[in-house]
Amino acid sequence: MKTKVRQHLTDLEIALRTHKQWDAVAPSLEDLANDQPFCIGTLSPTQWLQWIFIPRTHALLAAGADLPRNFSITPYLEEALKDESYLKAIHQPVLLIELLLKD
């Protein structure tokens, strides 16, 4: 399962890069420290994926820690990016991660 999660994270990164949604410069520490879900108000959905979700999931995998279960990111992406042509490309790997981590 962890190998599949890693692959889906890689697929997500590729999709973000392909659709020019991968930032070369990190957001400020203040923006990253936002305590709202998905850092709403300081990060775009794609920034949150790049700077929070992907690195934290990789860190949990590297540490051999348990991954969170039964979470839903895709409804947020569907609403926040509903008018973006790249929604499907980034939605799919996130959905596959969610499905792998359902109890």
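At 18% relative accessibility, F38 counts as buried in this predicted model, since the cut-off for a buried residue is a relative accessible area under 20%. The residue sits in the loop between α2 (29-32) and α3, and its phi angle is near 60 degrees, a positive value in a residue other than glycine. The next position to consider is C39, which lies in the loop between α2 and α3 as well and has a phi near 55 degrees, again a positive value in a residue other than glycine. Most residues other than glycine have a negative phi. C39 counts as buried, with 4% relative accessibility.

The loop that holds these residues belongs to a protein with 5 helices and 0 strands, so that the order of elements from the N terminus on reads α-α-α-α-α. The radius of gyration of the protein is 13 Å, close to the 13 Å that the globule rule gives for 103 residues, and the protein is therefore as compact as a globular protein of that length. The C-alpha trace spans about 30 × 30 × 25 Å along its principal axes. Of the 103 residues in the protein, 38% are buried, and the accessible surface comes to about 6,100 Å², with 54% of that surface belonging to carbon and sulfur atoms. When contacts between residues at least 6 apart in sequence are considered, 69% of them join residues at least 24 apart. With regard to charge, the protein carries 10 positive and 13 negative side chains, and the centres of the two sets lie 9 Å apart.

Aromatic side chains were examined next. A search of the whole structure finds 4 aromatic pairs, and one of them, formed by W48 and F53, is stacked, with 5.7 Å from centre to centre and 25 degrees between the planes. The pair counts as stacked because planes under 30 degrees apart fall in that class. Both partners are buried, W48 with a relative accessible area of 11% and F53 with a relative accessible area of 8%. Ring pairs link W48 and F53 with F38, F71 and Y76 into a cluster, and F38, the loop residue described at the start, is thus a member of this cluster.

Y76, another member of the cluster, lies in helix α4 and counts as buried at 16% relative accessibility. If residues up to four places away in sequence are not counted, Y76 touches F38, I40 and P45. The C-alpha atoms of Y76 and D31, by comparison, are 19 Å apart in space, with the two positions 45 residues apart in sequence numbering.

I73 is found in the loop between α3 (45-63) and α4 (74-80), and with a relative accessible area of 4% this residue is buried. Leaving aside its neighbours within four places in sequence, I73 is in contact with F38, W48, F53, V94 and E98, and among these partners F38, W48 and F53 belong to the aromatic cluster. V94 and E98, also in contact with I73, fall within the range of helix α5 (residues 87-100). The C-alpha atoms of I73 and Q21, 52 residues apart along the chain, are separated by 17 Å.

Two polar positions within helices were also considered. Q50 is placed in helix α3 and is buried, its relative accessible area being 4%. Not counting residues up to four places away in sequence, Q50 touches Q21, W22, D23 and P55. H91 lies in helix α5 (residues 87-100) and is likewise buried, with a relative accessible area of 14%. Leaving aside its neighbours within four places in sequence, H91 is in contact with T74 and E78; the C-alpha atoms of H91 and T74 are 6.3 Å apart in space, although the two residues are 17 apart in sequence.

Taken together, the results describe a protein of 5 helices in which ring pairs join F38, W48, F53, F71 and Y76, and in which the buried residue I73 is in contact with F38, W48 and F53 of that cluster.

Note on methods: Residues numbered from 1 in each chain as written. Predicted model: local features only at pLDDT ≥ 70, side-chain atom pairs only at ≥ 80, totals over all residues. Heavy atoms only, no water. Phe/Tyr/Trp six-rings, centres within 6.5 Å; stacked < 30°, edge-to-face > 60°. Buried < 20%, exposed > 50% of the residue type's maximum accessible area, 1.4 Å probe, protein only. Helix = DSSP H or I, 4+ residues; strand = E, 2+ residues; numbered from the N terminus. Rg over C-alpha atoms; globule rule 2.2 N^0.38 Å. Contact = heavy atoms within 4.5 Å. Areas by Shrake-Rupley, 256 points an atom, 1.4 Å probe, with all protein chains shown as cover. Lys, Arg positive; Asp, Glu negative; His and termini not counted. Charge placed at Lys NZ, Arg CZ, Asp CG, Glu CD.
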